[in-house]
Amino acid sequence: ILLPDMTSYAMGVPVDKVGEMVGEKIKIKDGRMIDEGDKDERVAIIGSTYSNYKNTNTGDKINILGKDFEVIGKLEEGNSGAGDIMVPIDALQEISKTDKLTVIFVRVSDVERTEEIAEDIKSTLGVEAETSKDLVRKFSDMSSQIGFMAYVVGGISALIGGIGIANTMFMSVSERRREIGIMKAIGATKNMILKQFLQEAIILGLIGGITGIILSFFGIYVLSLMIPFVAMTLNLIFIGLLFSLGLSTIFSVYPAYAAAKVDAIVALKYE
């Protein structure tokens, strides 16, 4: 069941199968596991990821379908159940007024026959059956699509940003032609002028990159309120700053070269 915050799910689990859902290697970090005596009780155990994200601990309440469930246990760090909320299935069916099951987990004794058993379930029962490999494949495909779209959007943004940088630099060259002429008249070489404009572009790129990173922190904070587990890493900060510097430098080369080629006499007459 999707919780009111639209970011977390609560799963109803038979009390005698909670250990299997959690996994053999994942232990209770705080509190206790759901047991047979909790069959009809409104209690819950939470994963470490959910606990850290929502700042929820043992003894706190979680609202599910308008009813409060008490957190009696918190799982240690690990993959299985890390972001889940598990409650007794009888208690969840009672408040949801239904005895229907949305998901059935099947544990196979022979891992090699997983695909075969999934096909048998599909053909015999006429329902969808997905193996862990199917889920990994779907997640991989979804990640690839998101990555591709991110590259497309990033490429378009880079092109638009590069055109804007080049246009700004050309305007700067045009407005400073007289200044360039004076610099050449007192002995500045083409390389010196080229380096000056490139240095200015790098400084602007650095300022723009830092500003973008600061705005990204605010954007990610707002996004994390809607989508859990979103974070800014040092790797992303480094890549973003490097990208900003590279973009400003590349699209400033030609305007800087144009500034270096300005004729001193013509530039001194420029008003």
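A crossing of two helices is right-handed if the near helix is turned clockwise from the far one by less than a right angle. I wrote that down before opening the model, which is a predicted one.

**Entry 1: α5 and α8**

I looked up how α5 passes α8. The crossing is right-handed. Next I checked the angle. The two helices pack at about 50°, and their axes are 9 Å apart. Angles under 35 degrees count as roughly parallel, and 65 to 115 as roughly perpendicular. α5 and α8 are therefore oblique to each other.

Which residues make this contact? From α5 I listed A158, G161, G162 and I165. From α8 I listed F243, L247 and S248. Then I sorted the residues of this contact by class. I got 4 nonpolar, 3 polar and no charged residues. Gly goes with the polar class here.

**Entry 2: S244**

I stayed in α8, which covers residues 234–250, and picked S244. Is S244 buried or exposed? Its relative accessibility is 16%. The cut-off for buried is under 20%, so S244 counts as buried.

I also looked for its contacts, leaving out residues up to four places away in sequence. S244 touches G205, G208 and G209.

**Entry 3: α5 and α9**

Back to α5, residues 132–175, this time with α9, residues 253–260. Their axes come within 8 Å and cross at roughly 15°. That angle makes α5 roughly parallel to α9. I noted the handedness too: α5 passes α9 in a right-handed crossing.

Where do they meet? On the α5 side I found A166, M169, F170 and V173. On the α9 side I found Y254, P255, A258 and A259. By class, this contact has 8 nonpolar residues, no polar ones and no charged ones.

**Entry 4: the nonpolar cores**

Last, I looked up the nonpolar cores. How many residues does the largest one have? It has 13. The residues with the most contacts inside it are I46, I62, I64, F69, I85 and V87.

I then asked which elements give two or more residues to this core. Four are strands: β3 (43–46), β4 (61–64), β5 (67–75) and β6 (85–88). The helix α3 (89–96) is on the list as well. The largest share, 3 residues, comes from α3.

Another core lies apart from this one. It has 12 residues, including M21, V43, L75 and M86.

Definitions and conventions:
Residues numbered from 1 in each chain as written. Predicted model: local features only at pLDDT ≥ 70, side-chain atom pairs only at ≥ 80, totals over all residues. Heavy atoms only, no water. Axes fitted to C-alpha atoms, helices over the stretch in contact; angles between N-to-C directions. Parallel < 35°, antiparallel > 145°, perpendicular 65-115°, else oblique. Contact = heavy atoms within 4.5 Å. Core = buried A, V, L, I, M, F, W, Y, C linked by side-chain atoms within 4.5 Å. Buried < 20%, exposed > 50% of the residue type's maximum accessible area, 1.4 Å probe, protein only.
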